[in-house]
Amino acid sequence: MLRTLPLLLWTALGLVAAEPGYFHDIRPILQRQCQGCHQPNLKSSNLDLTTYEGLKMGGKRGPAIGLLVKYLTGEIKPQMPLGMAPLPAEQVEMVRSWATAGGLDDTPAEARETLSAGAPTVYSLPPVLTALAFSPDGKMLAVSGNREILLHTLDGSAPPKRLAGLSDNILSLAFSHDGGLLVAGGGTPARFGEIQFWDLPAARLRRSVTMTGDTVFGVSLSPDGTRVAAGCTDNTVRIVDSATGKELNKMGAHENWVLGTTFSVDGKRVVSVGRDRSAKLTDAASGAFQENVNLLRGELAAVARHPSENIVVIGGEDRIAYVYLMDRPKNMKIADDTTLVRKLERQNGVIAALAWSPDGNRIAVAGAAPEVTVYDAGTGARVTACTGHSAGIYSVAFSPDSTTLATGGFDGTVRLYDAATGALKKAFVPVPLERPASVPGGLQ
Ligand code: HEC
């Protein structure tokens, strides 16, 4: 009976969804489920699904709009998204009705120029720097930019390589020990999370794994480079196989966003931290939750592990970095905090980033305050403070020889400090600026 009422009336009552459109309905599905493999860097079957034009033009088999539903339902094999769960029926229906209605592009003009995923980013201001990592040989520094990663040669012998990907934001970067792989985690807020795998030195995208409907945080690489852990806003930690991109495990012990992860020394377990204030130890192979590492205090934003021992430093909202043993002895009482090795000084702002030096001797703590403080990991004594940034610092990294500390944050400048004295060695804006701006306090 309901069907007999005029469609217009139902539409007016808001009971019938408007016809699905490309921009609001189809594009988000493609972003979340398909673009990892079908993007300018990585055109599986020669198909780029990051633009309407790419979709219309199609891949090896010609225009793709008419093929979409067949691939989504598995009528044509292999079913898409390849190797993942099929799309929910209502999304397939949405694609079907859009394609049947002509598969038109309704992208608003003002959104058009900002959409093209392969176009080089043009900067009029330095971007907020959210991730930094030294290559294992200490010769390169990877820095996050807008929709790209910049690979800087530290002796300045070559211009930076620009690794442009899908995600608007890169929030974590990690090199494999042999330097052959750079893993980046990030995403586009409220759209998708992504882990990018770049082959070095070619700087070629090997794989992109998109997951969840939001940015992923605190991506870390297992010591042998075979697996990646990612913190997600659906309160899970995901473990992904570096070689295949397959999700090996999804751990759901947290009760809020997961913002940081690190593997144990042997790579078998993961410690994750997040907004639910807990640091949780889980078995990476089975996904089984093992125990809470800490006593709950403030929300946690960062975790770093000692280079060769199962000891972690965690920090966040309450401005204090806590050093904990990863394992709690069996039968330890709930409120017992004897696995707490030490507390470091209270910072001048919430903690956003932590790093443990590769020689094991120092811990660097950074966050909302415009300075990074370096501590002696063995005693907890303050070694030095690195000052000069004009705003919050979201990323810190020690060089492989532990002598240099790289920092970056809101002011868009990378600073390299002597990790023992806090003396500034170098400061630079890591992106090409449209109009060169002077670097406050910079040496270059
Ligand atoms: C994990 C990688 C991966 C993901 C994710 C993925 N694809 Fe594919 N896609 C492929 C590969 C590989 C092929 C080639 C398959 C073949 O023909 O053997 C392909 C082929 C296609 C083709 C045929 C193109 C042509 O002309 O040959 C279409 C259409 C397509 N995919 C659509 C999608 C859609 C839509 C999604 C998201 C819902 C998606 N794909 C997600 C890897 C992927």
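1. Six donors around a metal count as octahedral if opposite donors are over 155 degrees apart and all others lie between 65 and 115 degrees. In this structure, which is a predicted model, the six donor atoms around the iron atom of the ligand subtend angles of 85 to 178°, which makes the arrangement octahedral.

2. Which residues of the protein coordinate that iron atom? They are His38, through its atom NE2, and Met80, through its atom SD, with distances of 2.1 to 2.3 Å. Histidine 38 belongs to strand β1 (residues 38–39), whereas methionine 80 sits in the loop between α4 and α5 (89–100), so the pair ties together parts of the chain that are 42 residues apart in sequence.

3. The two coordinating residues can also be described by their accessibility, for which the cut-off is that buried means under 20% relative accessible area, exposed means over 50%, and partly exposed lies in between. Histidine 38 has a relative accessible area of 9%, and it is therefore buried. Methionine 80, at 22% relative accessibility, counts as partly exposed.

4. Looking at the surroundings of the ligand as a whole, one finds 19 residues around it, and the closest of them are Cys34, Cys37, His38, Arg61 and Met80. By residue type, this shell divides into twelve nonpolar, five polar and two charged residues. Helix α4 (residues 68–73) supplies the largest share of the shell, namely three residues.

5. Several polar atoms of the protein approach the ligand, and they come from both side chains and backbone. A polar side-chain atom of arginine 61 lies 2.4 Å from an oxygen atom of the ligand, while a polar backbone atom of lysine 60 is 3.2 Å from an oxygen atom of the ligand. Histidine 38 appears here again, with an N or O atom of its side chain 2.8 Å from a nitrogen atom of the ligand.

6. As for the fold, the protein chain contains six helices and 30 strands. Its radius of gyration is 23 Å, close to the 22 Å that the globule rule gives for 444 residues, so the chain is as compact as a globular protein of that length. The C-alpha trace spans about 75 × 60 × 40 Å along its principal axes, and 52% of the 444 residues count as buried.

7. Two peptide bonds deserve a careful look, as each of them is cis and leads into a proline. The bond from lysine 77 to proline 78 has omega near -5°, and proline 78 lies in the loop between α4 and α5, which is also where methionine 80 is found. The bond from leucine 200 to proline 201 has omega near 0°, and proline 201 is placed in the loop between β9 (192–199) and β10 (204–211).

8. That loop between β9 and β10 also holds alanine 203, which has a positive phi of about 60° although it is not a glycine. At 18% relative accessibility, alanine 203 counts as buried. Serine 402, in the loop between β27 (393–398) and β28 (404–409), is another residue other than glycine with a positive phi, near 70°, and with a relative accessible area of 2% serine 402 is buried.

9. Where does serine 172 lie, and what does its side chain reach? Serine 172 is part of strand β7 (residues 169–175), and its side chain reaches the backbone nitrogen of valine 219 at 3.0 Å. With a relative accessible area of 9%, serine 172 is buried.

Methods
Residues numbered from 1 in each chain as written. Predicted model: local features only at pLDDT ≥ 70, side-chain atom pairs only at ≥ 80, totals over all residues. Heavy atoms only, no water. Near = heavy atom within 4 Å. Polar contact = N/O pair within 3.5 Å; in protein donor to acceptor, adjacent residues only side chain to side chain. Helix = DSSP H or I, 4+ residues; strand = E, 2+ residues; numbered from the N terminus. Nonpolar A, V, L, I, M, F, W, Y, C, P; charged D, E, K, R; others polar. Donors = N, O, S within 2.8 Å, 3.2 Å for Na, K, Ca; no water. Tetrahedral: all angles 85-135°; square planar, octahedral: opposite > 155°, others 65-115°. Buried < 20%, exposed > 50% of the residue type's maximum accessible area, 1.4 Å probe, protein only. Rg over C-alpha atoms; globule rule 2.2 N^0.38 Å.
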